[in-house]
Number of protein chains: 4
Amino acid sequence: MTTVDTSTRSPGRPRSARVDESILKAVLDLLVEGHTVEALTIEAVAAKAGVGKATIYRRWPGKDALLVDAVRSLKGPAPTPVGASVRDDLVLLLGSARKKPDQRFVRIMSCLGPEVQRSPERYRLYQGLVEPRREVMREVLRRGVAAGELRPDIDIEVAVMLLTAPVLIQRMLRWHPDLDDATLPGRVVDTVLAGLATHPG
Amino acid sequence: MTTVDTSTRSPGRPRSARVDESILKAVLDLLVEGHTVEALTIEAVAAKAGVGKATIYRRWPGKDALLVDAVRSLKGPAPTPVGASVRDDLVLLLGSARKKPDQRFVRIMSCLGPEVQRSPERYRLYQGLVEPRREVMREVLRRGVAAGELRPDIDIEVAVMLLTAPVLIQRMLRWHPDLDDATLPGRVVDTVLAGLATHPG
Amino acid sequence: MTTVDTSTRSPGRPRSARVDESILKAVLDLLVEGHTVEALTIEAVAAKAGVGKATIYRRWPGKDALLVDAVRSLKGPAPTPVGASVRDDLVLLLGSARKKPDQRFVRIMSCLGPEVQRSPERYRLYQGLVEPRREVMREVLRRGVAAGELRPDIDIEVAVMLLTAPVLIQRMLRWHPDLDDATLPGRVVDTVLAGLATHPG
Amino acid sequence: MTTVDTSTRSPGRPRSARVDESILKAVLDLLVEGHTVEALTIEAVAAKAGVGKATIYRRWPGKDALLVDAVRSLKGPAPTPVGASVRDDLVLLLGSARKKPDQRFVRIMSCLGPEVQRSPERYRLYQGLVEPRREVMREVLRRGVAAGELRPDIDIEVAVMLLTAPVLIQRMLRWHPDLDDATLPGRVVDTVLAGLATHPG
DNA sequence: CGTTAATCGAGACGGTACGTCCTGTCTTCGG
DNA sequence: CCGAAGACAGGACGTACCGTCTCGATTAACG
């Protein structure tokens, strides 16, 4: 009677971790190259990863699941720390996408955007990836309120959208063709902080 | 009201206007049916319109041009009128997408968004469709400044982005899953008008 | 009421005869190049014929059926005419495989041999292709008997085998590595005609 | 009867002779089951032998070598003895394939035939297996010449081909569908001995 | 009112990617 | 070290569309 192995291990050759990595890397590389999820062919992934197609299908049921895992492997390369004033912190956060290696992250995220509209699975993926970054921003806003820099009655969720949506949409759609990516975060933050109305409240 | 052109008239059987209409209708129907632009296949359009594929390619050089004409046929269902206060005007403009038949318009526009990143042609299409609506908003803002309701030094382009981007992105990506579409425009406008800072300027 | 068309014609673009030809040609070319039916890949046929795979599958259900039609298209490039004496006729018939374009025919036939063992369909194909050539030889033998050149009691079927089998097997298996293809027919015919025994009958 | 070698003995578990046997048996079984050599897959052999694929590759470098050993293990089940007259000897030799266990031998040989065309290795194998049998036949012919039964000027190599080729080809290709396997050797030998011509020489 | 020529639906065409299956090799484990 | 189980790279399979190209039949204005 052999010992009952609680950490059951299937017989045969185990799956190679190297292969997992090279496949996920290939997916991300293809995204940054091809700019679109449509360019993300299983066949292309296999070729780029130097892997047989069957090896991919052995691990993931289809392109969606593969995409999910690949992007999940990005792990938001550090949500970025914080500085001194609220204004500077916000500009830093919004502009972080412009610094390497975050650029790669944003590049991939903006490919994903369109895809999110389709499957709930991909939608959840996108939320999970982006949420930590939003939480950092919420924290900055809360500290601004605590420090008296921001009005105590602000709608934090709306504020986060106001700050992030313009930058994101500008990246994705090049909304304003002549708007400078570099200065946009500053202009957005300043305008949001000051407000438009003459007599606020 | 078909203009009968007596001057130049090519021989042979003229193209059927019914066919044009049914093709454009098929395109728009496919878009609102939740499909993305990728799912907008010429073959699917032909099938839905009850038309041969060649009949489509005879009129448009490719999917892009077809898409352009189809969306153009929507004719931005009236750029929306204006109300009393700046606040109410802005809320009205941002919320207009919720009223029928504007909903159909927005549904289609949000399918288009992702496509803009690719071809310059599609980009120009998108800009052309959206620009009139932005111009209305700019006008509202300018009148607000003139009326003393808004600060004279505001960055109008950034203000337009601040106002429109959150609503658009919420529609496209369902950015905040628990944010109510109905109340969002009001909350956005209020927050933008008031600003976040305790001591603006 | 339109005339009832007895020669019903399906709508749409008819299938191209050129394509049929190029596919069949590609099959035969691959056989003579690859020496084996195994080397006859549908994908390779499509590539060589400059044709999409679907175009092949639209016409034939699978490799077998394609092979059958391809070889059938060979049509034994003329069963060869006949000369003066029985001896010369037989040598000519056996040696015909060495002359173009018959060489191509034999090349393909010898690829088929192994395949014949498998499906009855392919077996029937092989028989149909080879039979006319055997009939020519039988005729030569019969005329030899009538002319008094051959013994009247000979077993014609066995005689045909005796004459053809060595040449065929030599081609297929290179049975005797040092036996010259060019002189073999002559030696075979002479030996068969003369017989081995000192006192025949 | 496993020879226990006391002299040199590699460390570790010794290879099981049972496994060797079961693999070779599996190969031969697959061949006689009507499969061609192409159907002789390492995977199929492993499955049939109840053995891992690696176990096979540890012993033989590839399919060719395995095939060589398998067929060699047949050991031409005794090159056949000799009888009284040349005619009877030849009929016996040609007909030996019909008696068990020779039938199995021929079955396997005819699978091999087609393969010979490919690799020189397999060609040599085939020659090696078949040569002893041909040598026996040559010996019979030579003794016939010496005994005065056969003409002294016969071409022995051609004679061997004349005698063996029809039987072999009939088995491999079922050349004449209605030719009886049992009587064929007798008819062949008789016809070859007598010759076809009225006036031999 | 017949000619004429561009229209129409239908579908074949060369491609490309799909997801499955099987090949021969390799890499683990337990015995 | 052996043996099984099975992962690995590669490649052909047959399917489904893509966007283009032909077909025969239709159809409306012109002569």
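Which phosphate oxygen partner of DNA strand E does Ser16(C) offer, a backbone or a side-chain atom? The partner is a backbone N or O atom of Ser16(C), which lies 3.0 Å from a phosphate oxygen of DNA strand E. Please keep in mind as you look around that this is a predicted model.

## DNA strand E

Let us stay with DNA strand E for a moment. The strand is surrounded by 47 residues, and the closest are Tyr57(A), Arg59(B), Arg59(C), Glu43(D) and Tyr57(D). Of the atoms of this strand that come within 4 Å of the protein, 67% belong to sugar and phosphate. Two glycines join Ser16(C) in reaching the phosphates through the backbone. A polar backbone atom of Gly50(B) is 2.8 Å from a phosphate oxygen of DNA strand E, and a polar backbone atom of Gly52(C) is 3.4 Å from a phosphate oxygen of the strand.

Which elements give two or more residues to this surface? From chain A come helix H2 (42–49) and H3, and from chain D likewise helix H2 (42–49) and H3, while chains B and C each bring H3. H3(B) gives the most, with five residues. Sorted by class, the surface near DNA strand E has 17 charged, 16 nonpolar and 14 polar residues.

## DNA strand F

Now turn to DNA strand F, which has 45 residues around it. The closest are Arg59(A), Thr41(B), Glu43(B), Tyr57(B) and Tyr57(C). Sugar or phosphate supplies 69% of the strand F atoms within 4 Å of the protein, and bases supply the rest.

Three contacts are worth finding on screen, and each involves another part of the strand's chemistry. At a base, a polar side-chain atom of Lys53(B) lies 2.8 Å from a nitrogen of DNA strand F. At a phosphate, an oxygen of DNA strand F is 2.9 Å from a polar backbone atom of Glu43(C). Finally, a polar backbone atom of Arg13(A) is 3.2 Å from a sugar or linking oxygen of DNA strand F.

Several helices each supply at least two residues of the surface near DNA strand F. They are helix H3 (53–59) of chain A, helix H2 (42–49) and helix H3 (53–59) of chain B, helix H2 (42–49) and helix H3 (53–59) of chain C, and helix H3 (53–59) of chain D. Here H3(D) gives the most, with five residues. The class count for the surface near DNA strand F is 17 charged, 15 nonpolar and 13 polar residues.

## How chains A and B are related

What turn lays chain B on chain A? A turn of 177 degrees, with a shift of 0.2 Å along the axis, does so with an RMSD of 0.7 Å. That is the relation of a two-fold axis. If you want to find the axis from chain B, look for Gly195(B): its C-alpha is the nearest to the axis in that chain, 1.8 Å away. Both copies use the same surface, as 100% of the contact residues of chain B recur in chain A.

## The contact between chains A and B

The contact takes 51 residues from chain B and 51 residues from chain A. The area buried between the two chains is about 4,800 Å², and carbon and sulfur atoms give 66% of that area.

Polar links are there too: 19 residue pairs are in polar contact between chain B and chain A, and the count of salt bridges between them is two. One of these joins Arg187(B) to Asp155(A), with the closest N and O atoms 2.6 Å apart.

On the side of chain B that touches chain A, helix H6 (102–116), helix H7 (120–146), helix H8 (156–173) and helix H9 (184–194) each supply at least two residues. H8(B) has the largest share of that side, 13 residues. By class, the side of chain B that touches chain A has 28 nonpolar, 13 polar and ten charged residues.

## Salt bridges over all chains

Side chains of opposite charge can pair when their charged atoms come close. Over all chains, the count comes to 59 salt bridges. An example within one chain is the pair Glu131(A) and Arg134(A), whose side chains meet at 3.2 Å, N to O. Both residues lie in helix H7 (residues 120–146) of chain A, three residues apart, which is about one turn of the helix.

Key
Residues numbered from 1 in each chain as written. Chains lettered and ligands numbered in written order. Predicted model: local features only at pLDDT ≥ 70, side-chain atom pairs only at ≥ 80, totals over all residues. Heavy atoms only, no water. Near = heavy atom within 4 Å. Polar contact = N/O pair within 3.5 Å; in protein donor to acceptor, adjacent residues only side chain to side chain. Helix = DSSP H or I, 4+ residues; strand = E, 2+ residues; numbered from the N terminus. Nonpolar A, V, L, I, M, F, W, Y, C, P; charged D, E, K, R; others polar. Least-squares fit on C-alpha atoms with pLDDT ≥ 70 in both. Contact = heavy atoms within 4.5 Å. Buried area = accessible area lost by both parts, 1.4 Å probe. Salt bridge = Lys/Arg side-chain N within 4 Å of Asp/Glu carboxyl O.
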